[in-house]
Amino acid sequence: MKHRFVEYWEAARKEQLQHLIHDQIEQLSNELTLKRRENEQANEAMSATARFCQWKLAQIDQEIEGWMTRFDSDKDDQDARFQKARATEKHWQELREQYEWQEKAITRLQQELVRWKLEEQHKQYCALMATKLQAWWRGTMVRKGLGRFGSNSKNRTKKEPTKKGKGKGKKK
């Protein structure tokens, strides 16, 4: 009987051990399934994170490209404005130089005009003085009766009597 109890005990122990092993296998199988699910979820999270990072990186690259395009456009506009400003400055410099040259020419011409006026006034003064000198000389020659104004001169003619007084005479 002892033997039968031992066999029974051994069979029960063996059955318990099999249940224990079976429970451990089931537990390990559940843990394995759980770990696989966690691993799949981690892989999905990693994949979603990678997709998000790629999307965000593409978005940032697009923004940078827009900034670069805007920068290039602004730089070109700025360069064009600078070039236009330089051209305008050069044009103003040329105009300033032309103005200075014309101002010098006007000053020179004004001085020449003043000199011509003085020369003209001098010529008129000389002509007036020559006329006065000639009148004085003729008067002297006539009063003294010298030269062609003398008493034996051939060119002497009688003067017609003139009307004395002011006013206009009648026209004939």
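Buried means under 20% relative accessible area, exposed means over 50%, and partly exposed covers the range in between, with a 1.4 Å probe and protein chains only. The exercises below use a predicted model, in which local features need pLDDT of at least 70, side-chain atom pairs count only at pLDDT 80 or more, and totals for chains, interfaces and linings use all residues. Residues are numbered from 1 along each chain as its sequence is written, and side-chain values use heavy atoms, with hydrogens and water left out.

**Exercise 1. The helix and its burial**

Task: Determine how many helices and strands the protein has, and which residues of α1 are buried.

Solution. Step one is to count the elements, where helices (H or I, at least four residues) and strands (E, at least two) are DSSP runs numbered from the N terminus; the protein has 1 helix and 0 strands. Step two is to examine the span of α1, whose expected value is 1.5 Å times one less than its number of residues. With 143 residues, α1 reaches 204 Å from its first C-alpha to its last, which is close to the 213 Å expected. Step three is to look past the end of α1, where glycine 145 follows with a positive phi, near 70°. Step four turns to burial: in α1 the buried residues are Ala105, Gly139, Thr140 and Met141, and of the 172 residues of the protein, 3% count as buried.

**Exercise 2. Salt bridges along α1**

Task: Find how many salt bridges the structure holds, and describe the spacing and exposure of the partners.

Solution. Step one is to apply the criterion, a side-chain nitrogen of Lys or Arg within 4 Å of a carboxyl oxygen of Asp or Glu; the structure holds 3 salt bridges. Step two takes arginine 13 and glutamate 10, whose closest N and O atoms are 3.3 Å apart. These two residues are 3 residues apart in helix α1, so about one helical turn separates them. Arginine 13 is partly exposed at 45% relative accessible area, and glutamate 10 is partly exposed at 36%. Step three takes lysine 35 and glutamate 38, with their closest N and O atoms 3.9 Å apart and a separation of 3 residues in helix α1, about one helical turn. Here lysine 35 is exposed, at 52%, whereas glutamate 38 is partly exposed, at 38%. Step four takes arginine 115 and glutamate 119, whose closest N and O atoms are 2.7 Å apart and which lie 4 residues apart in helix α1, again about one helical turn. Arginine 115 has a relative accessible area of 41% and is partly exposed, as is glutamate 119 at 36%. Step five is the general reading of such spacings: an α-helix has 3.6 residues a turn, so residues three or four places apart point the same way.

**Exercise 3. Aromatic pairs**

Task: Establish how many aromatic pairs the structure holds, and how their rings are arranged.

Solution. Step one sets the criterion: rings of Phe, Tyr and Trp (its six-membered ring) pair if their centres lie within 6.5 Å, and planes under 30 degrees apart count as stacked, over 60 as edge-to-face and the rest as tilted. By this criterion the structure holds 2 aromatic pairs. Step two describes phenylalanine 52 and tryptophan 55, a tilted pair with 5.8 Å centre to centre and 40° between the planes. Both residues lie in helix α1, 3 residues apart, about one turn of the helix, and phenylalanine 52 is partly exposed at 48% relative accessibility. Step three describes tryptophan 136 and tryptophan 137, which are also tilted, at 6.1 Å centre to centre and 45° between the planes. Tryptophan 137 is partly exposed, with a relative accessible area of 48%.

**Exercise 4. Nonpolar surface and cysteines**

Task: Identify which residues form a nonpolar patch on the surface, and state how many disulfides the structure holds.

Solution. Step one gives the rule for a nonpolar patch: its residues have over 30% relative accessible area and no salt bridge, and nonpolar side chains (Val, Leu, Ile, Met, Phe, Trp, Tyr) are joined within 5 Å. Step two names Leu17, Leu20, Ile21 and Ile25 as the members, with about 370 Å² of accessible area together, areas coming from the Shrake-Rupley method with a 1.4 Å probe. Leucine 20 lies in helix α1 (residues 2-144) and is partly exposed at 46%. Step three considers disulfides, pairs of cysteine sulfur atoms within 2.5 Å, of which the structure holds 0. Cysteine 53 is partly exposed at 44% relative accessibility, and cysteine 126 is partly exposed at 37%.

Terms used: Patches are made of residues with over 30% relative accessible area and no salt bridge: like charges are joined within 9 Å, nonpolar side chains (Val, Leu, Ile, Met, Phe, Trp, Tyr) within 5 Å.
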